[in-house]
Amino acid sequence: MPCVIATDETAACALAECIDALSASGFHPDDEGNLEASARLLARLGNDRAFLGDLLVAELAAGHREEQDGNAYGAQSLVLSPPGTGNWFLRANIWPSKDEHALRAGGGASFVYDLPHDHNFHFLTLGYFGPGYWSDYYEFDYESVTGWRGEPVDLRFVERARLDEGKVMLYRAHLDVHRQLPPDALSVSLNIMHCSGAQGWLDQYAFDVDKGGVARILSNGSSEVFVRIAVGMGHGEATDLAHRFGRQHPSDRMRLACWTALASAAPDADARDDVWRMAEGAGSRLVAAEARQRRAAILV
């Protein structure tokens, strides 16, 4: 499960002070000294009990009348640091309970509840307000997973726990899996998120914990969308590129996207089967497993 990092910080720091400190040091989760310093810094930010409420009031007061400065991140999250600050960013996440209108109206999927998943990045999290969301925690061996839908995975259940107020945890990329559940009352967490240029090519999975397998890949990138659009528009160069990438691209996920694009553009079931037959022998375990499933579905 995520590593609990004990801190005894009693001092508080302002948001701007936290951003300046992280800008100077960066966030390096694999460096023990930097990780401990970052955890203490997040704890000090958490000790400022007024900053987030003040920020939310300011955002609401500004409404649509002013250009936003990068704080917007979604209905649930607020990015707290300016874009382009380095290999990290700060965010706040709002976690509604079952009694909140937002959860009843939007459903649990809108807040990533009951979706067992890992992460393709490290991040620190702090329980800032409220009792904290619950999680069922698992661990798995990322290197043993190919990523095709239904692939069996040894998910090792660890425990059910919650992110209590003041608790600091490190979620480890490609190791920790959690299924988040609503808190007992409205809660807020603060995160220091690690990011890198390679992150978009690292797979992140959703799991079916009841069947003990991969449900789907979560980390689809813009390149995969672009190739599907280009092939769908009927450009010959795009089709040639998709065939080449489908056999040679270093990312299996991109290879699968190329074959999916080619199959989607095929005129009939026989042509789609031909595409997936080629894909099955194109040299990727992920693509071969998916191709077999797609061919089976065509034949039904």
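Colleague: Which elements do the buried residues of H2 pack against?
Modeller: A quick word first: this is a predicted model. The buried residues of H2 include Leu35, Leu41, Leu42 and Leu45, along with Asn34 and Ser38. Their packing partners are both helices and strands, namely H1, H3, S3, S4, S7 and S9.

Colleague: How far apart are the end C-alpha atoms of H2?
Modeller: H2 has 15 residues, and at 1.5 Å a residue the helix should span 21 Å. The model agrees with that expectation, because the end C-alpha atoms of H2 are separated by 21 Å.

Colleague: And at the start of H2, which residue's side-chain oxygen reaches the backbone nitrogen of Gly33?
Modeller: Look at the start of the helix, where a side-chain oxygen comes to within 3.0 Å of that nitrogen of Gly33. The residue supplying this oxygen is Asp31.

Colleague: Which element gives the most residues to the largest nonpolar core?
Modeller: That core has 28 residues, and Leu80, Leu90, Leu124 and Leu190 have the most contacts inside it. Helices H1 (15–25), H2 (32–46) and H3 (51–62) are among the elements giving two or more residues, as are strands S3 (88–95), S4 (123–129), S7 (168–171) and S9 (187–194). With five residues, the element that gives the most is H2.

Colleague: Leu90 was on that list, so which leucines does Leu90 touch?
Modeller: Set aside the residues up to four places away in sequence. Leu90 then touches Cys18, Ile19, Val79, Ser81, Asn191 and Ile192. The leucines it touches are Leu15, Leu22, Leu42, Leu45, Leu78 and Leu80.

Colleague: How many residues are in the second, separate core?
Modeller: To find it, look for Ala238, Met254, Val275 and Ala279, which are included in this core. Its number of residues is 18.

Colleague: Which are the edge strands of the open sheet of six strands?
Modeller: The strands of this sheet come in the order S1-S7-S4-S9-S3-S2, with antiparallel pairing. An edge strand pairs on one side only, which here applies to S1 (3–4) and S2 (77–79).

Colleague: What angle does the direction of H2 make with that of S4?
Modeller: H2 packs on the sheet of six strands, touching S3, S4, S7 and S9. Its direction and that of S4 make an angle of about 20°.

Colleague: Is S4 largely enclosed or largely open?
Modeller: S4 pairs in the antiparallel sense with S9 over six bridges and with S7 over four. In S9, Met193 is the bridge partner of Phe123 and Ile192 that of Leu124, while in S7 Met169 is the partner of Thr125. Six of the seven residues of S4 are buried, so the rest of the structure leaves this strand largely enclosed.

Colleague: In the open sheet of three strands, which strands stand at the edges?
Modeller: The order is S6-S5-S8, with antiparallel pairing. An edge strand has a single partner strand, so one of its sides is left without a neighbour in the sheet; that holds for S6 (156–162) and S8 (176–181).

Colleague: Which residue in S8 stands opposite Tyr137?
Modeller: S5 (residues 134–139) is joined to S8 by six bridges, and the two run antiparallel. Across from Tyr137, in S8, stands His178.

Colleague: Is Glu290 buried or exposed?
Modeller: Glu290 is found in helix H9 (residues 285–299). Beyond its neighbours within four places in sequence, Glu290 is in contact with Trp148, Arg149 and Leu256. Its relative accessible area is 3%, and under 20% counts as buried, so Glu290 is buried.

Methods:
Residues are numbered from 1 along each chain as its sequence is written. This is a predicted model: local features need pLDDT of at least 70, side-chain atom pairs count only at pLDDT 80 or more; totals for chains, interfaces and linings use all residues. Side-chain values use heavy atoms; hydrogens and water are left out. A nonpolar core is a set of buried Ala, Val, Leu, Ile, Met, Phe, Trp, Tyr and Cys residues joined through side-chain atoms within 4.5 Å. Buried means under 20% relative accessible area, exposed over 50%, partly exposed in between (1.4 Å probe, protein chains only). Contact means heavy atoms within 4.5 Å. Two strands pair if DSSP finds at least two bridges between them. Axes are lines fitted to C-alpha atoms, for helices over the stretch in contact, and angles run from 0 to 180 degrees between N-to-C directions. The expected span of a helix is 1.5 Å times one less than its number of residues. A polar contact is a pair of N or O atoms within 3.5 Å; within protein, one must be able to donate a hydrogen and the other to accept it, and residues adjacent in sequence count only if both atoms are side-chain atoms.
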